[in-house]
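Visitor: I would like a close look at a single part of this model, and then at how that part fits with the rest. Please keep the account plain.

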Amino acid sequence: MIVNLKEILCDCKQKKYAVGSFNVYNYETIKSVIKSSKEMCISTIVAFGEKYYQNMHPKEVYKLVNEMAERERVTVALHLDHCKNIENILLAIQAGFTSVMFDGSMLPFEENIEKTKRVVDIAHAVGVSVEAELGSIKAGAYSSEEGYDEIYTDPDKAKEFIEKTNVDALAVSIGTVHGFYKGEPRINLDILDKIYKKTDIPLVLHGGSGLPEDTVRNCIQRGICKINVNTEISYSVVEKMKKFLLTAEALPHFSELSTIAVEEGSRVVKKYMELFYNK
């Protein structure tokens, strides 16, 4: 069953756990997330980024996720990740997505508020939740996201932003990166703690791939309710397929590669589900 993001995140803050938001790009990655949700008995978030519109149309994504979720009897939110184009947000909403992220993080503060509020008004009118981002997150190794200068989220501005936009979840910048970390991650928990104390909605952490377990737990204690994982899924699946191809005695059938992709993707997803839910 596909539900609203708010329904997935409703008791995260109170019970001190986070829900994984796992990026998908094709049939295999969608299946790996749904498969993991069923095996772990955990609700989850299937995230499809604006940049992957070249891979699949939002309607195709919705139909696959809806069919799999209904068949496996799992609860998921279908989320549009990192979208800068409001027209693409409308496409996702029309397709059946239950959550969208308007990424105005590189816009001036007031413009980010104005455009986010416009998206919130549209989305809330049809029961769709909205995530926004304040601050800027750098790109690490093997990232498919654009690279920006790191700008930490200002706690006072976060409070003002939420009050003026009525957004449902806020992605914050506290030192994480999109992709793998080059060296030891340096996460500013003091800033996160201040944001947590000044806000009352679920906070989102982008750049979950490769974060140390203690750091993840400390972030969850300070209000992080949704954690995005993208890079490690892609990297691990490609590496697994590469090793298989290099050791295969003959050129394998594509169906074999598809099965390998699902199994390896599921392995990564379940690892993070267990960490985020502290099971």
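In which helix does Thr-29 lie?

Guide: Thr-29 lies in helix α3, which covers residues 27-40. The model is a predicted one, and the positions below should be read in that light.

Thr-29 has a relative accessible area of 9%, which is under 20%, so the residue counts as buried. Leaving out residues up to four places away in sequence, Thr-29 touches Asn-23, Val-24 and Ile-233. Another residue to consider beside Thr-29 is Val-262: 233 residues separate the two along the chain, while their C-alpha atoms are separated by 6.3 Å.

Val-262 belongs to helix α11, residues 254-277. With a relative accessibility of 7%, Val-262 also falls under the 20% limit and therefore counts as buried. The contacts of Val-262, again without residues up to four places away in sequence, are Glu-28, Lys-31, Ser-32 and Lys-35. For one of these, Lys-31, the C-alpha to C-alpha distance to Val-262 is 6.5 Å, against a sequence separation of 231 residues.

The loop that follows is the next stop. Cys-41 is found between α3 and β2, the latter being residues 44-49. Cys-41 is not a glycine, yet its phi is positive, at about 55°. Its relative accessible area is 66%, over the 50% limit, so Cys-41 is exposed. A second case is Arg-73, in the loop between α4 (58-72) and β3 (76-83). Here too phi is positive in a residue other than glycine, with a value near 60°. Arg-73 is exposed, because its relative accessible area of 78% is over 50%.

These pieces can be set against the whole chain. The protein has 11 helices and 10 strands. Of its 279 residues, 56% count as buried. Among contacts with a separation of 6 or more, 73% are between residues 24 or more positions apart.

Aromatic rings give another view of how distant parts are joined. The count comes to six aromatic pairs. One of them is formed by Phe-109 and Phe-161, whose ring centres are 6.4 Å apart, within the 6.5 Å limit, and whose planes stand at 45°, between the limits of 30 and 60 degrees, so the pair is tilted. Phe-109 is in helix α6 (residues 109-125) and Phe-161 is in helix α7, so this pair ties together parts that are 52 residues apart in sequence. Both rings belong to buried residues: Phe-109 has a relative accessible area of 17%, and Phe-161 has a relative accessibility of 0%. Phe-109 also has a charged partner, since the charged end of Lys-157 sits over its ring at 5.2 Å from the centre, within the 6 Å limit. Elsewhere, ring pairs link Tyr-25, Phe-48, Tyr-52 and Tyr-53 into a cluster.

Helix α7, which carries Phe-161, also packs against another helix. Its residues are 155-165, and its partner is α8, residues 189-198. The angle between the two is about 35°, and their axes are 8 Å apart. The crossing is right-handed. On the α7 side the contact is made by Pro-155, Asp-156, Ala-158 and Lys-159, and on the α8 side by Ile-191, Lys-194, Ile-195 and Lys-198. Sorted by class, the contact has four nonpolar and four charged residues, and no polar ones.

Thr-199 adds to the picture around these two helices. Thr-199 is placed in the loop between α8 and β9 (203-205). Its relative accessible area of 10% is under the 20% limit, so Thr-199 is buried. Apart from neighbours within four places in sequence, Thr-199 is in contact with Lys-13, Ala-158, Lys-159 and Ile-162. Of these, Ala-158 and Lys-159 also take part in the contact of α7 with α8. Thr-199 and Glu-163 are 36 residues apart along the chain, and their C-alpha atoms are separated by 9.1 Å.

To return to the starting point, Thr-29 is a buried residue of helix α3, and its C-alpha atom lies 6.3 Å from that of Val-262, a residue of helix α11.

Key: Residues are numbered from 1 along each chain as its sequence is written. This is a predicted model: local features need pLDDT of at least 70, side-chain atom pairs count only at pLDDT 80 or more; totals for chains, interfaces and linings use all residues. Side-chain values use heavy atoms; hydrogens and water are left out. Axes are lines fitted to C-alpha atoms, for helices over the stretch in contact, and angles run from 0 to 180 degrees between N-to-C directions. Helices (H or I, at least four residues) and strands (E, at least two) are DSSP runs, numbered from the N terminus. A crossing is left-handed if the near helix is turned anticlockwise from the far one by less than a right angle, and right-handed if clockwise. Contact means heavy atoms within 4.5 Å. Ala, Val, Leu, Ile, Met, Phe, Trp, Tyr, Cys and Pro count as nonpolar, Asp, Glu, Lys and Arg as charged, and the others, Gly among them, as polar. Buried means under 20% relative accessible area, exposed over 50%, partly exposed in between (1.4 Å probe, protein chains only). A charge sits over a ring if NZ of Lys or CZ of Arg is within 6 Å of the ring centre and within 35 degrees of the ring normal.
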